[in-house]
There are 2 protein chains.
Amino acid sequence: MSDHTLAIGIDFGGTSVKTGVLQRGTVIEEAPRIDTQEFESARPLIERINETCDDLRSRHPGIEAIGVGMPGFVDFPTGMVHNLTNVKGWQRIYLKRELNELSKLPVTVENDANCMAYAEWKRGAGRGMRNLVALTLGTGVGGGLVVENRLVRGANYVAGELGQTSIDYQGPAGAYGNRGSLEDYVGNQQITDLAHQSFAEAGKTRDRSECTPAHLSDLAEAGDAVALKVWDAVAGMLSTALMNCCWLLNPEAIIIGGGVAQAGSVLFGPLEKHLRDQLSAPFKENLRILPARFSNEAGIVGAATLALEEAGFKIDG
Amino acid sequence: MSDHTLAIGIDFGGTSVKTGVLQRGTVIEEAPRIDTQEFESARPLIERINETCDDLRSRHPGIEAIGVGMPGFVDFPTGMVHNLTNVKGWQRIYLKRELNELSKLPVTVENDANCMAYAEWKRGAGRGMRNLVALTLGTGVGGGLVVENRLVRGANYVAGELGQTSIDYQGPAGAYGNRGSLEDYVGNQQITDLAHQSFAEAGKTRDRSECTPAHLSDLAEAGDAVALKVWDAVAGMLSTALMNCCWLLNPEAIIIGGGVAQAGSVLFGPLEKHLRDQLSAPFKENLRILPARFSNEAGIVGAATLALEEAGFKIDG
């Protein structure tokens with residue numbers, strides 16, 4: 001089979017579902033988004049997703065598989081979605097089976113952060129690597145791990161939750177009772193809070209809307225001392241969780257995507273320094289810290305690529 | 001090949017080298033220990049180790065392989081030992097090649113904590129599991145990881161350093177500049193320090209020699225409130241690093257060995273509680289926290305078992 005094989009990738013978000021056709025690692029058509037809030041239960045939404053797939057398949061007859069990335073835990077072998085917090089009626093939904101029955105295509109369902117990691121590993125910044133850590137920095141912090149050339153799923157297929165790991169055993173209790181979880185320090189809101197407070201303490205009070213990561217990176221690039229200090233603090237906290245991954249897994253690369261990562265060098269510079277200051281030689285000699293190749297399309301690319309591999313097609317791309 | 005195949009396991013410690021013959025997962029003979037401090041350089045010590053092996057082989061003619069567990073980083077494919085801090089002349093020593101040339105047997109060299117993990121995975125508390133975290137609690141904290149049915153070695157074969165992971169991003173800088181490393185909180189000395197301080201604060205000052213983990217577990221078992229509180233604090237710190245492994249790797253089991261683990265229920269009880277309080281359902285539903293099966297012989301068993309597998313023998317034991 002050649003890499004010209006087509007697949008559909010579905011990026012299922014909290015508010016909308018994006019669907020696209022992947023060919024040789026490129027999204028060649030994206031369908032109009034589906035608004036999840038229009039649906040009161042899972043089945044009608046799955047049917048709408050299938051209609052969108054049918055529409056794409058009518059124009060791209062070579063589609064061989066469908067992959068779906070979900071914003072929640074998935075039982076990988078059965079493709080059962082445990083629970084979605086923001087979408088009505090999604091408790092224990094056997095999405096793989098239902099979408100397969102409707103579409104008659106092989107369907108693969110996986111957690112969205114794992115799809116992002118898969119996209120970077122197979123098609124992006126981590127191509128050819130056997131060991132990598134991928135994370136997305138945004139409202140939350142998502143992660144995916146590749147160890148010894150395999151995506152790590154774990155005993156119950158829920159591995160890779162980098163955002164829930166702790167950087168402070170005495171920190172405040174988070175969503176699952178876990179103290180000091182990374183997500184509670186370097187999520188969008190937390191960075192904004194820290195910036196807002198830091199400007200106030202420096203006697204340069206700014207409106208909260210001017211303290212978002214995007215504003216903060218503009219200010220840092222222009223040399224603003226407070227903004228630079230905030231990014232350094234964020235990098236310090238983030239480096240702790242990543243350093244832990246390095247000591248545990250000794251990866252070749254850490255790949256960072258998501259909105260916050262668009263801060264670029266004002267984040268990556270201090271992050272690299274903090275990491276290298278806290279690792280011994282064999283852990284950092286060949287370690288690379290890389291920006292993700294894919295941004296908004298990571299979910300579609302990863303889900304479609306995973307679906308093709310699960311359906312037995314070889315990925316050369 | 002049957003599991004009756006014999007192998008030599010060597011547990012290379014900072015002060016002495018233990019050598020034993022493994023048959024069906026049992027150490028059937030252990031040779032007199034070699035004192036590492038008698039040797040000024042690596043070569044004479046390697047020759048002495050080989051003489052010990054020859055002696056064992058003269059009585060057990062079926063020995064097929066030699067495995068060595070080293071207290072330091074090892075380049076697994078070449079069996080090169082990077083550096084030993086407590087033994088003279090051990091910098092970049094190609095132990096695998098040298099011992100193979102002397103013994104004419106297949107030789108495997110691996111980090112000692114990985115050997116312990118291997119022993120538990122193949123012959124001990126983790127038999128049949130595909131995902132586990134193993135750690136030894138003693139003077140230091142060592143670790144070994146099994147992910148998707150493979151021992152995790154990483155890009156430079158140094159993975160599994162659980163003791164170096166951080167539980168506090170603002171903690172004191174450790175051996176490699178890493179802040180808040182677990183080993184600096186729950187090593188033997190640190191537990192003794194914490195106990196000594198806790199008794200003093202409670203107005204029940206005890207001599208430092210009465211504050212060791214062994215004494216402390218006796219006191220806790222007898223109901224001493226201070227000792228129980230110290231073990232709870234140790235369990236809390238330890239649980240943070242283990243919780244991080246769970247969020248990242250979703251293992252089936254955490255297996256704990258080493259001297260400190262002999263504290264038993266006064267440590268395992270609160271540890272299990274702290275862990276379960278900080279994990280979401282799919283991470284803890286099937287999670288087991290188990291004492292290691294092997295204690296002093298873990299290194300010999302693991303190294304010998306690994307050597308047999310690397311030499312192509314099947315382990316049924």
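Which residue of chain B comes closest to the rotation axis? In this predicted model, that spot goes to B:D168, whose C-alpha sits at 2.1 Å from the axis. The axis itself falls out of a simple superposition: a turn of 180 degrees, with a shift of 0.0 Å along the axis, lays chain B on chain A with an RMSD of 0.0 Å. The two copies are therefore related as by a two-fold rotation axis. Both copies also use the same surface, since 100% of the contact residues of chain B turn up again in chain A.

As for the contact itself, chain B puts in 45 residues and chain A 46 residues. On the side of chain B that touches chain A, at least two residues each come from β11 (141-147), α7 (225-249) and α9 (281-284) of chain B. The top contributor there is α7(B), with 9 residues. Sorted by class, that side of chain B has 21 nonpolar, 16 polar and 8 charged residues.

Turning to a sheet within chain B, three strands line up in the order β6-β7-β8 (chain B) to make an open sheet with antiparallel pairing. Its edges are β6 (74-75) and β8 (91-94) of chain B, each of which pairs on one side only. Strand β7 (residues 80-83) of chain B runs antiparallel to β8(B) and is joined to it by 3 bridges. Across this pairing, B:V81 stands opposite B:I93 in β8(B). Helix α2 (residues 95-103) of chain B packs on the sheet and touches both β7 and β8 of chain B; the direction of α2 makes about 35 degrees with that of β8(B).

Note on methods. Residues numbered from 1 in each chain as written. Chains lettered and ligands numbered in written order. Predicted model: local features only at pLDDT ≥ 70, side-chain atom pairs only at ≥ 80, totals over all residues. Least-squares fit on C-alpha atoms with pLDDT ≥ 70 in both. Contact = placed C-beta atoms within 7 Å. Pairing = 2+ DSSP bridges. Helix = DSSP H or I, 4+ residues; strand = E, 2+ residues; numbered from the N terminus. Axes fitted to C-alpha atoms, helices over the stretch in contact; angles between N-to-C directions. Nonpolar A, V, L, I, M, F, W, Y, C, P; charged D, E, K, R; others polar.
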